[in-house]
Structure formats: structure tokens, C-alpha cells
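Trainee: I would like to go through this model and hear the reason behind each label.
Mentor: Then ask for the value and the cut-off each time.

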Amino acid sequence: MIRSVVRGIGSALPRRIMTNKDFEALVDTSDEWIVQRTGIRQRHIAGDDETTASLGEAAARAALDHAGLQPDDIDVIVLATSTPNNTFPATAVEIQNRLGIHHGFAFDLQAVCSGFVYAITMADLHLRGGLGKRALVIGSETFSRILDWTDRTTCVLFGDGAGAVVLEAAEGEGSLSDRGILASALRSDGAQKDKLYVDGGPSTTGTVGHLRMQGREVFKHAVGMITDVIEDVFSRTNITSDEIDWFVPHQANKRIIDASAKKLGIAEEKVVVTVDLHGNTSAASVPLALAHAVREGKIKRGDLVLLEAMGGGFTWGAVLLRW
Ligand code: UT7
């Protein structure tokens, strides 16, 4: 049985760091409120020369280096983003060209904060379907460009960055001791669109628009959705929460992460938290957290890793993989 195995991982962050203190001069907020309600202490903000494509390219190059591979070894690129460089062509194709790859195919995938979980699942299906041997799965965002910098309820929450993995099709036994992606579950429901959306777009206003969120409403749904989809993955694999080595959740709010881990019975020391360093980087949040945990020597070959994300749409999903 073909399994999609992670061969390498990398990340990239804009040079500029903005601390909570920096926001006190912009809007009516405080470091204390932001830390208490979200766990965020700082985030990276893209400069004029830093874009979703340039950050995605840098993360992809780092993942290729980590894998010991060359750009030409890649057949498929899936970029998860809600902040593309242009409305079209796909930013994935721009990254493909920046990497000097002129074979195979590349496309963008839009599932907001769930983007990376969706993208790694799509890449897995492509590799297992025989459409390629190796895929780059990238989450890259410049949410700072779609924030309303006068709205304290949203502008303090988000940051920019990118993370990427190289997935390779490898022969597995078909058992849960195989390395690679073992199970995925994806969901969406458009009924809650007004809770988290951007108030512009090519077909409506002809503008890019700004992010709008009813934070408390999103919060109310988050833990239930996250735990439901993870329980689905657990029941389909017969894996229980105590068998998980590392839980790498979407990094939106430390309180959501803690409540989800508690409800699932996942021990605190197995939870990877980077929301303090990066804020919410949407589709980049899970691969940035994964890269951080690998760099720190936490996640090691053979570990059972659980990913999850939830965001605008609503969209939500979970992926179980053996590193
Ligand atoms: O990645 C996609 C998924 N997104 C999320 O998961 C975000 C989910 N939501 C959240 O993380 C939280 O709801 C927030 C962090 C956005 C807000 O935390 P909260 O505990 O739900 O606060 P709240 O919205 O209930 O607001 C409490 C108070 C309000 O004042 P009043 O109405 O009680 O007087 C807000 O106006 O805090 C006020 N407030 C702020 N105060 C200082 C809102 N933003 C700020 C701020 N600084 N930046």
C-alpha cells in the first residue's frame, strides 16, 4: 500500500516582529488583555518585499534542504492560502516557477485556517492515486494585508509566515505502524459564513476587503468541531488519545488549544504551542508549529502526530500521521 511519508519540513517568517506592546500605540488594547485572552505575545509582519509567494518559496526551499532533495524532484505543489499574491494565476504556480520547476502541476487550495490540513490530505490522495512521486505541501499567508488595523478585535490576533513539508510516496504494509499519513477527516459548513469572512472579493466588491470576525461566536463552535473531527479519525483507526505522541493544533488561541486537549484527554506535555510566537497565521499555523517542534527535537521519526485546524467557512479537519 502506498503511504505519503514526510521527507522534510521547513518554515519562513518575515523579518519584522510586532509585540503586543506595539499594538498599544495603534488601538485601545493591552499586552495583558491579549496574553490572557489568546496566549499571543508577538507575531511576524511582512514587509513590502515579503509576499505569500516569497515566504512560501523560502519555506519550500528549507523543506527541500531538510529532505536532501532538489526542486526537480517535486511533481506536485499544493499551496494552502487565503492571501494569494494575485487573484490569479495561482500563487502555487508562481512558487513552482521561483523554484525553477517546469514539470508536474501546482495549484492553490482555499480553506482558510484549515488550509494546510486540507492541502496535505489532497496531496496524499494525489500521491496514492499515482499522479506523482513527491509533493510540496505549503501553507503561506500574509494576513496582515487583509486586516483592518483600526479594529482591535481582529488586528491583534493574526500574523504572517509560511511552512512546508515534502511528502513522498513510499511502500507501506497497510498497518498503523507504517510511516506516513494514516487517516484524514475533513468537514465544511457554509451556514456560519458571517462569523468569519472577508468583506470583499473579485466577484462582489472588486476589492480585496478586510477580515471580519465575531470572535466569541467562533470560539463557541471551535472546541466541539475540533474534537468531533479528531474523534472521527480515532474511531476509524482504533487509535486512542493516549497513543498520540504529539498534538499539533491550529494556533488561534491558547484557550481553544487547552480546552480541546483536555476534552480529548491529551496530556499537556504532548501539545505543541507556538501561538505565543506567531499569532494566528491561518494556513501557515500548523506547518509552522510542526517545523518548530521538529527543530526543537520533540517530534522524531516514528512518532504518532495528530494535526487539526478549524477556520472560516466554517472548515475543519484532522490528520493522523506517523513521522
Ligand atoms: O483561526 C480561525 C479561528 N478563529 C478563532 O479561533 C478565534 C476564536 N475566538 C477567539 O479566540 C476569542 O473569542 C477572541 C480572542 C477573539 C476574543 O476573546 P473573548 O474572550 O471571546 O472576548 P470577547 O470577544 O468576549 O470580548 C471581551 C471584551 C469585549 O468588551 P465588552 O464588550 O465586554 O466591554 C471586547 O470589546 O474584550 C474587548 N476586546 C478587547 N479589549 C482589549 C476585544 N478585543 C480587545 C482587545 N483589547 N484587542
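Mentor: This is a predicted model. In strand β13, A318 is the bridge partner of A185.

Trainee: Which residue stands opposite A318 in the pairing with β12?

Mentor: E308 stands opposite A318.

Trainee: How do you know that β13 pairs with β8 and with β12?

Mentor: Two strands pair if there are at least two bridges between them. β8 and β13 (residues 315-322) are joined by 8 bridges and run antiparallel, and L186 has G317 as its bridge partner in β13. β12 and β13 are also joined by 8 bridges and run antiparallel. Both pairs therefore meet the cut-off of at least two bridges.

Trainee: What connects β12 to β13?

Mentor: The two strands form a hairpin with 3 residues between them. In the turn, G313 has a positive phi of about 140°.

Trainee: What makes β8 and β11 edge strands?

Mentor: The strand order in this open sheet of 4 strands is β8-β13-β12-β11, with mixed pairing. β8 (180-188) and β11 (246-249) each have a single partner strand, so one side of each is left without a neighbour in the sheet. From one strand to the next, the twist averages 10°.

Trainee: Which helix packs on this sheet?

Mentor: Helix α10 (residues 285-295) does, touching β11 and β12 (304-311). The direction of α10 makes about 150° with that of β12.

Trainee: Why is β13 described as largely enclosed?

Mentor: A residue is buried under 20% relative accessible area. In β13, 8 of the 8 residues are buried, so the strand is largely enclosed by the rest of the structure. Both of its faces are covered: on one side T315, G317, V319 and L321 are buried, and on the other W316, A318, L320 and R322.

Trainee: What is the strand order in the sheet of 5 strands?

Mentor: The order is β1-β7-β6-β4-β5, in an open sheet with mixed pairing. At the edges are β1 (2-12) and β5 (105-109), each pairing on one side only. With direction ignored, neighbouring strands of this sheet are turned by 20° against each other on average.

Trainee: What makes β4 and β6 a pair, and in which sense do they run?

Mentor: β4 (residues 76-80) and β6 share 5 bridges in the parallel sense. The cut-off is at least two bridges, so they count as paired. Within that pairing, V76 stands opposite A135 in β6.

Trainee: Which strands do helices α3 and α4 touch or lie across?

Mentor: Helix α3 (residues 52-67) lies across β1, β4, β6 and β7 (160-171), at about 120° to β1. Helix α4 (residues 91-98) packs on the sheet and touches β4, β5 and β6. The direction of α4 makes about 140° with that of β5.

Trainee: Why is T87 called exposed?

Mentor: T87 is found in the loop between β4 and α4. Its relative accessible area is 64%, and exposed means over 50%, so T87 qualifies. The C-alpha atoms of T87 and T142 are separated by 14 Å, with these positions 55 residues apart along the chain counted as their separation.

Trainee: Why is the pair of F23 and W149 called stacked?

Mentor: The structure holds 3 aromatic pairs, and F23 with W149 is one of them. Their centres are 5.8 Å apart, and the planes make 10°. Centres within 6.5 Å make a pair and planes under 30 degrees apart count as stacked, so both conditions are met. The pair links distant parts of the chain, 126 residues apart: F23 is in helix α1 (residues 20-24), and W149 is in the loop between β6 (134-142) and α6 (152-155).

Trainee: Are these two residues buried or partly exposed?

Mentor: F23 has a relative accessible area of 0%, which is under 20%, so F23 is buried. W149, at 27%, falls between 20% and 50% and therefore counts as partly exposed.

Trainee: How is the contact between domain 1 and domain 2 described?

Mentor: The domain assignment gives domain 1 (2-171) and domain 2 (180-322). Their contact takes 51 residues from domain 1 and 49 residues from domain 2. The area buried between them is about 3800 Å², with carbon and sulfur atoms giving 66%. C113, V117 and I146 supply 16% of the area that domain 1 buries against domain 2, more than any other three residues.

Notes
Residues numbered from 1 in each chain as written. Predicted model: local features only at pLDDT ≥ 70, side-chain atom pairs only at ≥ 80, totals over all residues. Heavy atoms only, no water. Phe/Tyr/Trp six-rings, centres within 6.5 Å; stacked < 30°, edge-to-face > 60°. Buried < 20%, exposed > 50% of the residue type's maximum accessible area, 1.4 Å probe, protein only. Axes fitted to C-alpha atoms, helices over the stretch in contact; angles between N-to-C directions. Contact = heavy atoms within 4.5 Å. Domains from an automatic or database assignment. Buried area = accessible area lost by both parts, 1.4 Å probe.
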